[in-house]
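Visitor: I am new to this structure. Please take one part and show me its side chains up close.

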Amino acid sequence: ARVGDDDPRGGVSSLQKFEGEDLDYKTRKVAQADQQRQWAQAQIDEKLMKKWMERDTNQAFEDRSEEMAYRTWQVGQKVAEQRSSACKTTADFNKALSEQKKQEAAQAKFRETQRNMEEIHNMLTSDLLTEKESVVSPLGETLKAERFKGFTTDQRRQIVLQQAQQREELRLRQLQEAEDERQLGMQQAMDNRMALTLDRQRQREQRAANADLAAERKQQASEAADRRRRLDAQYSNAVGEEFFKPFGQCL
């Protein structure tokens with residue numbers, strides 16, 4: 001076989017060139033096969049690189065999501081602790097207020113009982129019930145018990161004055177009790193408003209934390225979508241018929 005167009009073995013009358021002859025066929029086939037292997041290896045390496053990048057991106061997203069979930073749980077725990085502390089403080093205050101009211105009521109009842117006992121004692125030891133020999137009037141006059149015909153005008157006047165004074169004291173005591181009840185009601189209403197305000201503040205903080213978390217997750221999702229689009233655009237070249245057309249052709 002010829003080794004080239006200038007083969008020294010060919011004489012003057014020898015045919016040197018033939019139409020369609022391919023002397024570099026074996027070398028060209030080897031070069032094409034090697035080039036095809038290199039392209040295939042490059043595509044495999046690109047696919048592996050894309051797979052690793054996607055895995056790293058997904059792992060980072062999962063780690064960030066887990067971190068945000070943990071932060072949300074921590075915020076919820078702090079809010080629950082604050083709410084529990086506020087409820088305990090309110091309950092302790094109400095309990096102390098109730099105990100104080102009970103003590104005041106017990107003291108008032110004790111004083112009322114003492115006054116009643118003193119009144120009963122005074123009635124039992126009065127000149128009328130003990131039937132003494134004589135009765136001394138406010139004017140200093142001494143009267144015999146058997147001559148007692150009833151209270152005098154001055155004594156009835158004193159009784160009326162004492163009754164009026166007792167009624168006034170009762171009215172003032174009732175007014176004071178009503179004022180105490182009103183102050184207690186105002187204090188309880190103020191405590192309720194404070195508790196409601198605190199609860200609303202916690203709700204606003206919780207909504208703000210949830211909104212920040214949702215915005216951050218939305219931003220992460222958008223960033224992940226952008227990365228995926230960039231990766232898809234980077235590795236969007238598909239192997240088609242144009243890739244295989246040069247194979248089998250002359251160099």
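Guide: What follows is a close look at helix H1 and some of its side-chain contacts.

This is a predicted model, in which local features need pLDDT of at least 70, side-chain atom pairs count only at pLDDT 80 or more, and totals for chains, interfaces and linings use all residues. Residues are numbered from 1 along each chain as its sequence is written, and side-chain values use heavy atoms, with hydrogens and water left out.

Helix H1 covers residues 25-124. Helices are DSSP runs (H or I, at least four residues), numbered from the N terminus.

Start with charge. Side chains of opposite charge can pair when their charged atoms come close. A salt bridge here is a side-chain nitrogen of Lys or Arg within 4 Å of a carboxyl oxygen of Asp or Glu. The structure holds 12 salt bridges. One of them joins Asp34 and Arg37, at 3.4 Å from N to O. These two sit 3 residues apart in helix H1, about one helical turn. Asp34 is partly exposed, at 34% relative accessible area. Arg37 is exposed, at 53%. The cut-offs are under 20% for buried, over 50% for exposed, and partly exposed in between (1.4 Å probe, protein chains only).

Next comes a nonpolar patch. Ile44, Leu48, Met49, Trp52 and Met53 form it on the surface, with about 440 Å² of accessible area together. Such patches take residues with over 30% relative accessible area and no salt bridge, and join nonpolar side chains (Val, Leu, Ile, Met, Phe, Trp, Tyr) within 5 Å. Areas come from the Shrake-Rupley method with a 1.4 Å probe, and for residues only the protein chains shown count as cover. Ile44 lies in helix H1. Ile44 is partly exposed, at 44%.

Now the rings. A search of the whole structure finds 1 aromatic pair. Tyr70 and Trp73 form this pair, stacked, with 5.9 Å centre to centre and 25° between the planes. Rings of Phe, Tyr and Trp (its six-membered ring) pair if their centres lie within 6.5 Å; planes under 30 degrees apart are stacked, over 60 edge-to-face, the rest tilted. Both residues lie in helix H1, 3 residues apart, about one turn. Tyr70 is partly exposed, at 46% relative accessibility.

Last, a link to another helix. Lys101 meets Glu181 in a salt bridge, 3.4 Å from N to O. Lys101 is in helix H1 and Glu181 in helix H3 (residues 153-234), so the pair ties together parts 80 residues apart in sequence. Lys101 is partly exposed, at 38%. Glu181 is also partly exposed, at 44%.

Methods
Patch = residues over 30% accessible without salt bridge, like charges linked within 9 Å, V, L, I, M, F, W, Y side chains within 5 Å.
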